[in-house]
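Reader: I have a chain here and some time before the next gel. Can you walk me through it?
Author: Yes, here it is.

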Amino acid sequence: MKITAYLTDCKRKAAEQSPLLNNIGSEGNAYLCFRLREKNLDLKVRTDILVMSEFWDNDIPG
């Protein structure tokens, strides 16, 4: 089994944003996603965890 973590951009309409997320803003933020792969299984899952993409480094695990 191989598990990969990656980021996707926050693309939301203004009507979909909650008051909490309006304070954070969507510029520079991304959602944390996971991809699980094993034989015939390829599963991609997007979490609701917001990450500031300028501080994300794919080379450092953890």
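Author: One residue to start with is D48, which counts as exposed at 67% relative accessibility; exposed means over 50% relative accessible area, buried under 20%, and partly exposed in between, with a 1.4 Å probe and protein chains only.

Reader: What does D48 form a salt bridge with?
Author: With R46, the closest N and O atoms being 3.5 Å apart. The term covers a side-chain nitrogen of Lys or Arg within 4 Å of a carboxyl oxygen of Asp or Glu. R46 counts as partly exposed, at 49% relative accessibility.

Reader: Before I go on, what sort of model is this?
Author: It is a predicted model, in which local features need pLDDT of at least 70 and side-chain atom pairs count only at pLDDT 80 or more, while totals for chains, interfaces and linings use all residues. Residues are numbered from 1 along each chain as its sequence is written, and side-chain values use heavy atoms, with hydrogens and water left out.

Reader: And what does the protein chain average in pLDDT?
Author: The average is 76, and 69% of the residues score at least 70. pLDDT is the predictor's confidence in each residue, from 0 to 100.

Reader: Which element has the lowest mean pLDDT, and which the highest?
Author: Helix α1 (residues 19-24) has the lowest, at 52, and β2 the highest, at 91. Helices (H or I, at least four residues) and strands (E, at least two) are DSSP runs, numbered from the N terminus.

Reader: In what order do the elements run from the N terminus on?
Author: The order is β-α-β-β, with 1 helix and 3 strands in the protein chain.

Reader: How do the strands form a sheet?
Author: The 3 strands make an open sheet in the order β1-β2-β3, with antiparallel pairing. β1 (2-9) and β3 stand at the edges with a single partner strand each, so one side of each has no neighbour in the sheet. The twist averages 25° from one strand to the next; axes for such angles are lines fitted to C-alpha atoms, for helices over the stretch in contact, and the angles run from 0 to 180 degrees between N-to-C directions.

Reader: How many bridges are there between β1 and β2?
Author: 8, in the antiparallel sense. Strand β2 (residues 29-38) pairs with β3 over 9 bridges, also antiparallel. Two strands pair if DSSP finds at least two bridges between them. As for single partners, A5 has F34 of β2 as its bridge partner, and R35 has K44 of β3.

Reader: What joins β2 and β3?
Author: They form a hairpin with 2 residues between them. K39 sits in the loop between the two strands. Its phi is near 45°, a positive value in a residue other than glycine.

Reader: Why would I care about the sign?
Author: Most residues other than glycine have a negative phi.

Reader: Is K39 buried or exposed?
Author: Exposed, at 84% relative accessibility. Y31, in strand β2, is buried, with a relative accessible area of 8%. Of the 62 residues of the protein chain, 16% count as buried.

Reader: Back to charges. How many salt bridges does a search of the whole structure find?
Author: It finds 2. Besides the pair with D48, the side chains of D42 and R35 meet at 2.8 Å, N to O. D42 is partly exposed at 44% relative accessible area, and R35 is partly exposed at 24%.

Reader: Which residues form the nonpolar patch on the surface?
Author: M1, I3, F34, L41, L43 and V45, with about 560 Å² of accessible area together. Patches are made of residues with over 30% relative accessible area and no salt bridge, like charges being joined within 9 Å and nonpolar side chains (Val, Leu, Ile, Met, Phe, Trp, Tyr) within 5 Å. Accessible areas come from the Shrake-Rupley method with a 1.4 Å probe, and for residues only the protein chains shown count as cover.

Reader: Which strand gives the largest share of the nonpolar patch?
Author: Strand β3 (residues 41-52), with 3 residues. L41 has its place in strand β3 and is partly exposed, with a relative accessible area of 44%.
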